[in-house]
Amino acid sequence: MANQLIRLDHKHISVVQLQMGEDRILETYINNLSEGAPNAIYGHLQDAGFLYVARMLGGTKLDPTLISALVERWRQETHTFHFPCGECTITLEDVSLQLGLPVDGEVVTGPVLSADWSSTCEQLLGKVPNKFKGSRIEMKWLEDNFKTIEASASDVEKEQFARAFILKLIGGLLMPDKSRNLVHLRWLLLLANLKEAGRLSWGSAVLATLYREMCRATQPEKAKIGGCMLLLQSWAWYRLPFLRPRVDLPYEFPLVIWWNNPARHSGTSTELEDIRLALDQQTEEEFVWMPYANPRIQECIPVKFLANRNIWHVKVPLIVFATVEMHESNRVMRQSGCMQRIPSSPQKLDDLHNIDLQGRLEEDWSSFTKIISRFGSVGIRASHIYCRL
């Protein structure tokens with residue numbers, strides 16, 4: 001059974017690293033916001049589902065060594081980390097509470113090209129970049145051209161500013177690619193109507209992107225990793241307290257911003273070998289299966305984020321454009337407060353795993369989503385709920 005389950009060892013960093021001359025530390029990326037969202041666009045951010053995540057200002061630094069150690073434990077066959085205490089993973093619950101993003105909504109997909117990006121930007125942003133790199137624009141252009149907005153600005157101008165702000169969130173924090181300084185304009189097409197954008201499952205899009213990036217980063221030749229590294233790092237700090245810095249202030253929502261506070265790192269492991277050893281030697285009691293059950297954390301979570309907790313525990317494909325990744329919640333039932341049963345074999349999506357946008361920019365990926373919907377997916381109605389709380 002184990003041999004059937006773990007079938008990709010021959011190209012996994014955890015095996016190949018034994019023959020490598022030196023340890024691999026992945027290059028990570030984050031583009032922290034220097035300024036918070038102006039009050040003038042709060043209503044539009046709320047319409048689009050990005051109001052809470054807009055609080056993710058600069059302050060938290062990434063730990064590439066910790067992230068590299070976690071990737072070594074990630075298995076693309078199951079989309080789970082394999083620790084001595086058992087399997088665990090980042091779930092829709094983590095995305096919802098850590099980032100404050102909606103996870104129960106329609107699939108994030110659609111066309112990825114515009115007939116005229118200049119006209120699209122003029123209409124949706126009110127400004128046109130001085131240069132395009134294919135269908136991407138520079139993050140710096142967004143930062144330079146959307147610094148402030150007056151409260152007296154027209155509603156159209158406020159909507160345009162809100163779209164630019166959300167693009168900065170997506171390209172810098174939530175779903176950054178490995179270019180380090182560009183954001184794709186396919187996201188802008190989804191923000192044409194901000195209220196319609198608020199019906200999308202942005203949280204599942206972030207999680208699918210992170211899963212895909214971690215799966216690719218298990219390949220030994222990979223040197224960089226994209227996706228929401230803040231989510232990955234914060235997930236580990238909440239569940240592996242022996243690796244996290246110390247923060248002595250009340251929790252805030254979304255929970256990822258707690259780490260923006262002054263923290264003490266004394267006593268925490270900083271070398272890859274030390275982190276590996278700490279993970280190898282952890283006991284089951286040292287892993288926090290349900291960190292959000294802490295009453296101090298519960299106090300700061302808005303009620304609406306607890307209204308439909310069943311959606312957190314579904315086994316479904318997570319879809320964003322060409323990316324399809326399985327949410328294997330049935331393998332980590334202890335994270336839901338349930339007894340872990342022997343899970344069924346993970347669904348093999350190897351062919352879908354190899355599909356990406358490269359060379360297929362002309363396609364409207366909403367039709368691709370309809371094909372995948374036979375499995376059930378977040379936004380199309382989840383097919384099975386494993387645990388009722």
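**Exercise 1. Determine how β2 and β3 are connected in this predicted model, and where both strands stand in their sheet.**

Solution.
Step 1. Strand β3 covers residues 86-88 and runs antiparallel to β2, to which 3 bridges join it. Within this pairing, F83 faces G86 in β3.
Step 2. The link between the two strands is a hairpin, with 2 residues leading from β2 to β3.
Step 3. On the other side, β2 pairs with β1 (residues 74-75), again in the antiparallel sense, over 2 bridges. Here W74 has F81 in β2 as its bridge partner, and R75 stands opposite T80.
Step 4. The result is an open sheet of 3 strands in the order β1-β2-β3. Because β1 and β3 each have a single partner strand, they form the edges, and one side of each has no neighbour in the sheet.

**Exercise 2. Describe the turn between β1 and β2, and find a residue in another loop with a positive phi.**

Solution.
Step 1. Strands β1 and β2 make a hairpin with 4 residues between them.
Step 2. H79 belongs to this loop. Its phi is positive, about 55 degrees, although H79 is not a glycine.
Step 3. The relative accessibility of H79 is 6%. Buried means under 20%, so H79 counts as buried.
Step 4. F321, in the loop between β6 (316-320) and β7 (323-327), is likewise a residue other than glycine with a positive phi, near 55 degrees. With 1% relative accessibility, F321 is buried.

**Exercise 3. Explain why C85 and C88 do not form a disulfide with each other.**

Solution.
Step 1. A disulfide requires two cysteine sulfur atoms within 2.5 Å.
Step 2. The cysteine sulfur closest to that of C88 belongs to C85, at 5.2 Å, and this is too far for a bond.
Step 3. The count for the structure is accordingly 0 disulfides.
Step 4. As for their surroundings, C85 is buried at a relative accessible area of 6%, and C88 is buried at 0%.

**Exercise 4. Show that the buried residues of α13 line one face of the helix, and state what covers them.**

Solution.
Step 1. Helix α13 spans residues 272-281, and its buried residues are L272, I275, R276, A278 and L279.
Step 2. Viewed down the axis of α13, these residues fall within an arc of 160 degrees, so they line one face.
Step 3. A general rule helps to read this pattern. An α-helix has 3.6 residues a turn, so residues three or four places apart point the same way.
Step 4. The cover over the buried residues of α13 includes α4 (64-72) and β2 (80-83).
Step 5. In the loop between α12 (229-239) and α13 lies P254. The peptide bond from F253 to P254 is cis, with omega near 0 degrees.

**Exercise 5. Identify which residues touch the most other members of the largest nonpolar core, and examine F50.**

Solution.
Step 1. The largest nonpolar core has 109 residues, and those that touch the most other members are F50, F81, F83, L99, L174, W187 and W202.
Step 2. Leaving aside residues up to four places away in sequence, F50 touches L45, L101, I166, L169, I170, L174 and W202.
Step 3. Another core, of 5 residues, lies apart from the largest one; among its residues are V107, I319, M326 and L349.

Definitions and conventions:
Residues numbered from 1 in each chain as written. Predicted model: local features only at pLDDT ≥ 70, side-chain atom pairs only at ≥ 80, totals over all residues. Heavy atoms only, no water. Buried < 20%, exposed > 50% of the residue type's maximum accessible area, 1.4 Å probe, protein only. Arc of directions from axis to C-beta. Contact = heavy atoms within 4.5 Å. Pairing = 2+ DSSP bridges. Core = buried A, V, L, I, M, F, W, Y, C linked by side-chain atoms within 4.5 Å.
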